[in-house]
Structure formats: structure tokens, C-alpha cells
Amino acid sequence: MSDRYAAYTKLRIDYPADRVLQITFDRPETYNSVDRETHSQLVEIWRTIDADPDINVVLVTGAGKAFSAGGDFDLIEEMIESQEERMRVWKEAKDLVYNVVNCNKPIVSAINGPAVGAGLVVGILADVSIAGKSAKIVDGHTRLGVAAGDVAAMIWPLLCGMAKAKYYLMTCRPVSGEEADRIGLVSMCVEDDELMKTALDVAVELSNGAQSAIRWTKYALNNWLRSAGPSFDTSTALEMLGFAGDEVKEGVASHREKRKPNFKKECPV
């Protein structure tokens with residue numbers, strides 16, 4: 001294998017099987033939260049994978065007890081304070097989603113434990129998403145005080161229907177692995193101790209299949225996602241607008257103080 005992944009120092013890269021690349025969110029001490037540098041690397045790596053002739057399939061998981069806890073609070077507070085940082089993250093957030101959608105290699109996710117925010121983007125956009133029973137899928141945007149951005153508006157209604165999408169995205173209620181399977185949010189749910197074996201088996205099966213046929217099938221099916229691009233673009237713009245407001249400050253404070261948020265009842269819009 002080449003050293004083309006040497007620059008991705010914030011992501012652990014392994015090769016668990018022939019022509020299978022594994023990406024592991026590897027900050028277990030923070031439940032694999034995504035800091036500024038990790039976010040940037042997570043955006044770019046899909047272009048590298050797309051151009052890698054030695055890789056057929058990507059497997060994504062998290063180290064320790066979590067898939068990913070989403071963006072860390074240092075990054076979020078930078079976005080609150082700086083318009084420049086909001087614009088930088090806005091571009092990255094859009095590029096992350098479209099880079100995953102346009103990556104020509106099939107992606108398999110093994111969702112272990114909590115999956116939130118930028119990490120959840122990859123977990124839920126994967127072509128085959130496999131959740132362990134202890135998985136806890138949460139779109140926490142409105143609990144933080146911003147609109148449900150990232151990939152939510154693009155993918156949730158397609159996977160589980162508009163009624164379920166609105167319920168979970170507006171309330172931020174967690175979805176267990178079994179419930180995610182039941183409503184169609186993930187491809188399947190398995191026992192926790194079978195998660196990585198099942199995910200790797202699927203990755204190997206895809207790696208041994210007809211590569212052009214599999215990649216063209218992915219491309220065609222992802223036109224459903226591309227057609228939702230305007231809704232996605234709007235949602236990310238509104239999310240970034242929220243980072244300039246007051247609600248997110250209370251949302252962050254409540255998270256740090258481990259209490260329920262006390263948002264104002266009045267709304268100017």
C-alpha cells in the first residue's frame with residue numbers, strides 16, 4: 001500500500017482485508033469527538049479514497065465505546081465567536097457530505113455506541129450501515145440550539161420517512177440500534193459482539209464483487225441524494241445562521257453544565 005494516507009493523522013487507517021480500507025475515529029477518551037483538524041481530514045479523505053486504485057471498499061467505525069460524539073465543544077465555541085470559522089466549517093460540512101456521496105467506493109459503517117454530528121454523517125450515509133444493539137443514534141442539533149444541518153435533511157426522510165424524520169430531528173430523541181433497523185434508518189442491526197465481523201464480511205463480499213457494476217449501482221442510487229441537494233444546502237446554511245444566535249450559547253452552556261437547556265419561549269421569526 002502507498003503512503004497516500006500518511007497525512008490523515010487524526011484518523012486511524014488499517015487494512016483488515018485485501019482491498020478493504022478501515023477508518024477508525026480514534027479519540028476514545030472523548031468518545032471520538034471531532035475536533036477542528038479531524039473535521040478537515042474527514043472531509044478530504046474521501047477524495048483520496050476515490051482516487052486509490054488499491055482500495056475497493058471502505059469500512060468505518062469508532063474506537064472504544066462510541067462511534068463518534070460529534071463536534072467537540074472547542075470547535076463549536078470557535079464557530080459561535082467567529083464568522084470566519086462558521087464559513088470555514090460551512091464549506092467543510094457541505095464538502096463532507098458531497099464527497100461521501102460522490103466517493104466511487106462502497107462504504108460500510110459499523111455503528112458502535114453513540115453516533116452524533118459529523119461522525120453520524122458518515123455512519124448514516126454509508127452504503128451499508130450496520131448498527132450494534134447498543135448503538136445510540138442522535139441528531140442533536142436542535143438540543144444544541146441550531147437547525148438540523150449536516151446531512152439530516154438529505155437522508156433521514158429518504159431512509160425512515162418524513163414523519164419519523166421530523167419527530168426525531170426536532171426532538172433530538174435517541175434512536176437505538178434495534179429501532180433504527182425497524183424504521184429503516186440503518187441497513188441492519190446485530191449483536192454488539194458480532195458487529196465488526198458482520199461489517200467486515202459485508203465489506204469483503206463487496207470487495208470481491210463486480211466492481212464496475214457495484215460502483216455504478218451506488219452512483220445511480222445516490223442520485224436520490226443528489227436530488228435532495230437543495231434541501232441539504234438550505235439546512236446547512238440555516239444551521240450556520242444559528243451559530244450566530246443566542247440559542248446555541250444556552251445549548252452549549254447546558255451541555256457543559258449537564259442540565260436541561262432553558263431556551264427562550266419567544267421566537268423572532
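Visitor: Which side chain does R256 meet in a salt bridge?

Guide: A salt bridge pairs a side-chain nitrogen of Lys or Arg with a carboxyl oxygen of Asp or Glu within 4 Å. In this predicted model, the side chains of R256 and E77 meet in such a pair, at 3.1 Å from N to O. This pair links distant parts of the chain, since R256 belongs to helix α13 (residues 247–256) and E77 to helix α2 (residues 73–81), 179 residues apart. R256 is partly exposed, with a relative accessible area of 42%, and E77 is also partly exposed, at 31%.

Visitor: Where do K133 and E178 lie, and how far apart are their closest N and O atoms?

Guide: The closest N and O atoms of K133 and E178 are 3.8 Å apart, and the two residues form a salt bridge. K133 lies in the loop between β6 (128–132) and β7 (136–138), whereas E178 is in helix α8 (residues 177–183), so the pair ties together parts that are 45 residues apart in sequence. K133 is partly exposed, with a relative accessible area of 36%, and E178 counts as partly exposed at 46%.

Visitor: Is E250, which forms a salt bridge with R259, buried or exposed?

Guide: E250 is buried, with a relative accessible area of 18%, while its partner R259 is partly exposed at 30%. The closest N and O atoms of this pair are 2.7 Å apart. Elsewhere, salt bridges that share partners join R36, E78, E85, R88 and E92 into one network. By this rule the count of salt bridges comes to 21.

Visitor: How many disulfides does the structure hold?

Guide: A disulfide is a covalent bond between the sulfur atoms of two cysteines. The structure holds zero disulfides. C160 is in none, and the nearest cysteine sulfur, that of C172, is 14 Å away. C160 is buried, with a relative accessible area of 12%.

Visitor: Why is the sulfur of C267 not in a bond with the closest cysteine sulfur, in C172?

Guide: The sulfur of C267 is 16 Å from that of C172, which is too far for a bond, because a disulfide needs the two sulfur atoms within 2.5 Å. C267 is exposed, with a relative accessible area of 52%.

Visitor: Which residues make the nonpolar surface patch?

Guide: L158, L221 and W224 make a nonpolar surface patch of about 360 Å². W224 is found in helix α11 (residues 223–227), and this tryptophan is exposed, with a relative accessible area of 58%.

Definitions and conventions. Residues are numbered from 1 along each chain as its sequence is written. This is a predicted model: local features need pLDDT of at least 70, side-chain atom pairs count only at pLDDT 80 or more; totals for chains, interfaces and linings use all residues. Side-chain values use heavy atoms; hydrogens and water are left out. Patches are made of residues with over 30% relative accessible area and no salt bridge: like charges are joined within 9 Å, nonpolar side chains (Val, Leu, Ile, Met, Phe, Trp, Tyr) within 5 Å. Accessible areas come from the Shrake-Rupley method with a 1.4 Å probe; for residues, only the protein chains shown count as cover. Helices (H or I, at least four residues) and strands (E, at least two) are DSSP runs, numbered from the N terminus. Buried means under 20% relative accessible area, exposed over 50%, partly exposed in between (1.4 Å probe, protein chains only).
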